[in-house]
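User: Could you take me through the ligand site in this one? I'd like a close look at what sits around the ligand and how it is held, with the cut-offs spelled out.

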Amino acid sequence: MDALRVRGTGKPLVGKVRISGAKNAALPILCATLLSDGASRLRNVPRLRDMETTSALLRFLGREVTFDAPEIQVAAGSQVRPEAPYELVKQMRASVLVLGPLVARFGRAKVSLPGGCAIGARPIDQHLKGLEAMGCSIKLERGYVLAEGPGGGGRLRGAEVYFDLPTVTGTENIMMAAALAKGRSTLVNCAREPEIEELGRILNKMGAEVNGAGTDVIHIVGAEPGKLAPFDHAIIPDRIEAGTYMVAAAMVDGGDVVLEGAELGDLEALSQKLRAAGVEITSEAQNIRVRRRGPLRSVNITTAPHPGFPTDMQAQFLALMCLARGESVISETIFENRFMHVPELQRMGASVALRGNTAVVQGVSKLYGASVMATDLRASASLVLAGLASDEETEIRRVYHLDRGYERIEEKLAGLGAHVERVKGAEA
Ligand code: EPU
């Protein structure tokens, strides 16, 4: 397993970094290619392990996939196997996104339950409830979801679906199912993330009628069978990658970084909190400039569904607050176990007390280098940021988590003056 060695210099990051396409937008869109047969092309795709896993899954399902970053092409193969096995789903929970398209398109699907996850239980009951509302029969057997369209494999019916809570992939799964269902569907209490808006754009391009994606109520009129067309599309920038570099720029006084190809409008909650902490943020066209001049003030955050503060930025912001003056209170409301970075940051000298879903951070004047362990994608990012702010060496192990979501991170950071190197096959 690879490790990352961050040789902290105590110097700020300065320069320009280009933001990649959004992993969490590409994932559902690639699954949406199952709704049609022609050849679809997705551009601005990041070179990430999750994209490889999705390509492997689509191939397993019978598609022909060519992934030559930053492009993926997906075409129909000679046969379809509407089944997502545990081996692939366990590598990436988002594989469950094939469930909606498969059952809508082929009348049946067998998809492994994703199982537990480091950050929380992450059930999929809302996905299943939505499909049931559309006439699907669902059975859970030996760790698999067996879904069948009405009357033993028939076409799904448009329906009113009320989500008990806003779920990102749940909303996406049901949107894709509704795009081929008979008649109109109304989805209520939907997640409102920009990635959902993006999926709405794709389904419209394909020929479904989607209104309201990005708001809490989405109306969809399904297309007739065989009528959804393939698409050619460049995906939106990755707001979480952008947010991570914004925080990276703020870790050390004097930081001055321009993020190229990023969308500040998707990062409102984070920008406001960074500004409250004393960080300067300006934007022009698709460039965001982040500057830190002076000490950081402590700020409280509470994660919430979009447009609230993203849970995917909590770990990185917590790392920043470790170096702010005073006390900040960080509350995590989306996932029940998303503070795995805290004990690792403590090894680096951070002062953080955990009380249930709240972390109370007392700012310290410096962080030390240490050997730390990455536990999930965003926790790993927070450890890299902490390492950058120290003036010692930090080794972050199990960096495969990071490789799921950050394209060429060591190269991008090196471009900003950081010393980060990959250690191949380091001991876990
Ligand atoms: N939930 C349920 N039942 C469901 C679905 C969700 O109770 O059927 C709960 C979850 O347990 C959680 C909350 O609802 O407490 C929100 O979860 P959501 O379903 O929105 O999360 P997700 O769709 O599994 C996506 C992102 C995550 C991101 C979350 C929250 C993708 C592929 N993944 O996950 O991204 O943290 O939304 O914004 O879009 C990451 O990129 O590092 C990552 C984990």
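Analyst: Here's a walk around the ligand site, followed by a few notes on residues elsewhere.

Ground rules before we start: this is a predicted model, where local features need pLDDT of at least 70, side-chain atom pairs count only at pLDDT 80 or more, and totals for chains, interfaces and linings use all residues. Residues are numbered from 1 along each chain as its sequence is written, and side-chain values use heavy atoms, with hydrogens and water left out.

The shell first. The ligand is surrounded by 22 residues, a residue being counted if one of its heavy atoms lies within 4 Å of the molecule. The closest are Gln126, Thr167, Thr169, Asp312 and Ile334. Sorted by class, the shell has 10 nonpolar, six polar and six charged residues; here Ala, Val, Leu, Ile, Met, Phe, Trp, Tyr, Cys and Pro are nonpolar, Asp, Glu, Lys and Arg are charged, and the others, Gly among them, are polar.

Where does the shell come from? Four helices each supply at least two residues: H1 (23-32), H5 (125-133), H7 (168-178) and H13 (377-389). Helices here are DSSP runs (H or I, at least four residues), numbered from the N terminus. Zooming out, the ligand lies between domain 1 (3-19 + 237-423) and domain 2 (23-234), because both give residues to its shell; those bounds come from an automatic or database domain assignment.

Now the polar contacts, meaning pairs of N or O atoms within 3.5 Å; within protein, one must be able to donate a hydrogen and the other to accept it, and residues adjacent in sequence count only if both atoms are side-chain atoms. The side chain of Asp125 places an N or O atom 2.8 Å from a ligand nitrogen. On the oxygen side, a polar side-chain atom of Thr169 is 2.6 Å from a ligand oxygen, while Ile334 uses a backbone N or O atom, 2.5 Å from an oxygen of the ligand. Taken alone, the ligand exposes 830 Å², and the protein buries 86% of that (Shrake-Rupley areas, 1.4 Å probe; for residues, only the protein chains shown count as cover).

A side note on another polar contact: Arg239 and Glu195 are joined through their side chains at 2.8 Å. Arg239 is found in helix H9 (residues 239-250), and at 11% relative accessibility it is buried (under 20%; exposed is over 50%, partly exposed in between, with a 1.4 Å probe and protein chains only).
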